[in-house]
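Student: I have a model open and want to go through its helices and loops. Can we take it step by step?

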Amino acid sequence: MNLSISIWVPLIPFFIFIFLSLAGHKFKPLFAGVLGTVGLFVSFIISLLVAYQYFFAEGLLNGAYQQIIAYKATWLNLTDRLVVSMGSLVDPISVMMLIVVTTVSLMVHLYSIGYMKGEVGFTRFFAFLSLFSFSMLGLVLAPNIFQMYIFWELVGVSSYLLIGFYYTKPSAVAASKKAFIVTRFADLGFLVGILIISFITGSLDFDQIIPMLTDPNSPAFQEGSKTLFFGMSVLTWSVIFVFMGGAGKSAMFPLHIWLPDAMEGPTPVSALIHAATMVVAGVYLVARLFPIYALSAPTGLEVVAYVGAFTSLFAAIIACTQFDIKRILAFSTLSQIGYMMLALGVSGYGGEQGLGFTASMFHLFTHAMFKALLFLAAGAIIHAVHSNYMYEMGNLRKFLPITHITFAVAVLAIAGIPPFAGFFSKDEILVAAYHHNKFLFAVEYLVAGITAFYMSRLYFSVFWGKHQHYHHTPHEAPKTMTIPLMFLALAAATTGFIHFSEFVSSDLIPYESHIHWNIAIPSILVALVGISIAAAMYMKETTIPDRIAKSFRGFYTLVYNKFYIDEIYIFVTKKIIFNYISRPVAWFDRHIVDGSMNLIGNTTARVSHLIRDFQSGQIQKYGFVFVSGVLILAFVFIYWWLK
Amino acid sequence: MIEGIPIVHFLVVSTIMFFVGVYGFLVRRNLITILMSIELMLNSVNINFVVFNKYLFPEQLQGHFFTLFIVAVAAAEAAVAIAIIINVYRRFNNINVEEVSNMKH
């Protein structure tokens, strides 16, 4: 079997998207769901085949994994050197992402058949899901940064379309616009980064720019690192700009504001796009260019580490005070992606040094499983209770047994309790941070505790806590929804045992890594402390949370309002940018640019109005002018002649 | 029969006819009148041809032939023009050139 089969992984959802968009309305809605799910299942099988073929047959050569360009088609021949092609790059991280994306997408497709049943626009929903799967898989496989950028924007579009799926709801429309504008703004940085990188290297292909920019003797590296700009080399600036794009897509502080609002979309979408796959695209991007960060731009990597660490702490604190269960999960996603960024940021290059890189990818993998599970379980809860708010839930464990158990598995996984998946990946991240930077390590320890606390708070409030009087008895979700939950719970419980360092490493050479119990045991203790505090506060109905909130009223309000970041954005954009930049620009545009054009237009119009009568189209008038002219000339000549 | 009449007399008549034609062509708005004015101009030219031929080159016939051609062509032209005018009248109920300004259809 040939690895070029990997291009079919994105192409199948693409064809399904085209088909459903053009002809979907001719079939029953259920057909769209089944078709999308079957198509994704085929993609999933192909991904598994590719993964098997890559990791166990073709990939390993002389003890190192190869980056194989499995398929390549030239698209734009711009110059002799600058050629844009489309294709698929198969290497450990892209294969891993194929597995993640197709698994979660398949589960979400299956789940959506039950969750979206009877909704208006069922076919449209599945068409958009297919579009998203296509875009994300194309992004993952991109062998050059330009293809990555195209698919990067495509996932942005599909995210926009799916957040705004309920387009009759003003809040959904606002959220979709917010998400699109914020990520577009960040993508500007990504584009600038791409332009700088391709300018210094003259190439767009990863297999050319990475060797060029990591080899200290290459002219591109010399040019990039010698030229300084505000104290940092152009190369460092370029990777920071690229990271800005990644930070926008991965909702890192301060570009995180769109993600909590994106929860307006249907819950399966939140699970697929805003938890498991699209939001980790930023992590994937940094991982893809990781050698450049690690070897040539360590300052850029520091930025990644600190942004990641800050976001993980910041989002974890906010998550403790929210009541909308999807928003809690959104902030927890922010926090976990912060972990992944931090892991990349503290990683070195090669062998044991590159543990952070492996840990980041490992955490990406396990996080995708347990976070998708959390969201899908939250969807099942919302489906049963018809509310997003925690204070309208309680004691649901009797009504939703399957959801309860799978949710508990996911909570244990995210809290880092062995043997669930999150424990292993989080342990590797903490080890990597410990070796690199003690301060960041301490921050992440704290975050691990807070994570355990807020996730348990969510779990206890929803499934234990006070007895609620529901309008109608909540009932367990249908089979199509519980099967994905059980599958993902299985994944969240077991994927931790994969020896990730034997597959994914910063320099593509497999190595052995072990659990560091001296770091793992305190982190388990911290998590247990977090869980116990949450259990004490929320397992039975108590007044402790209210009393704590009262005694820290100022801080609580600050956190509850998400540190007023949205308000700051509104202030900066509406009060400062609109008034002092946009308005003068608009005035200039209307009066100077438009004015000069209008002047030319008006003058022409006025002149033509004046001379319009000469062109009446009436032969008699022309004849009159002609005869008068002849007569005048005749008189003139006769006059001269007679003189 | 025309001996004794000086050439200038003929030329004066033809000039007057020509400018009457020009005036009518420029001023009148009725298609038929315009057509008649054109005939006047053509015929004044015919007079000039015949007169110059007779007085200046009596042994030649080109002027006469030109006159015959012009008469024939004028007849054909009148036939076509009148056909057009009739069609215009049928469509617009009007043969005023200023009001018949719609070229479409």
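Tutor: Start with α17(A), a helix by DSSP (H or I runs of at least four residues, numbered from the N terminus). Eleven of its 15 residues are buried, that is, 20 or more other C-beta atoms, placed from the backbone, lie within 10 Å of their own. This is a predicted model, where local features need pLDDT of at least 70, side-chain atom pairs count only at 80 or more, and totals for chains, interfaces and linings use all residues. Residues are numbered from 1 along each chain as its sequence is written, with chains lettered from A and ligands numbered from 1 in the order in which they are written.

Student: What do the end C-alpha atoms of α17(A) span?

Tutor: The helix covers residues 401–415. The expected span is 1.5 Å times one less than the number of residues. For 15 residues that should give 21 Å, and the end C-alpha atoms agree: they are 21 Å apart.

Student: Which helices do the buried residues of α17(A) pack against?

Tutor: The buried set includes A:F407, A:V411 and A:I414. Contact requires C-beta atoms, placed from the backbone, within 7 Å. The partners, all in chain A, are α15, α16, α18, α19, α20 and α21.

Student: Which helices do the buried residues of α20(A) pack against?

Tutor: Among the buried residues of α20(A) are A:M481, A:L485 and A:L488. The helix has 16 residues, and its ends lie 22 Å apart, as expected. Its buried residues pack against α3, α16, α17 and α18 of chain A.

Student: Which residue follows α17(A), with a positive phi?

Tutor: Look just past the helix. Phi there is near 85 degrees. The residue is A:G416.

Student: Which peptide bond is cis in the loop between α17 and α18 of chain A?

Tutor: A:P419 is found in that loop. Omega is near 0 degrees for the bond that leads into A:P419. The cis bond runs from A:P418 to A:P419.

Student: Is A:H386 buried or exposed?

Tutor: A:H386 sits in the loop between α16 and α17 of chain A. Its phi is positive, near 60 degrees, though the residue is not glycine. The cut-off for exposed is 12 or fewer C-beta neighbours within 10 Å, with partly exposed in between. A:H386 has 12 inside 10 Å, so this residue counts as exposed.

Student: How many residues does each chain bring to the contact?

Tutor: Take chain B and chain A in turn. Chain B gives six residues, and chain A gives six.

Notes:
Helices (H or I, at least four residues) and strands (E, at least two) are DSSP runs, numbered from the N terminus. Two residues are in contact if their C-beta atoms, placed from the backbone, lie within 7 Å.
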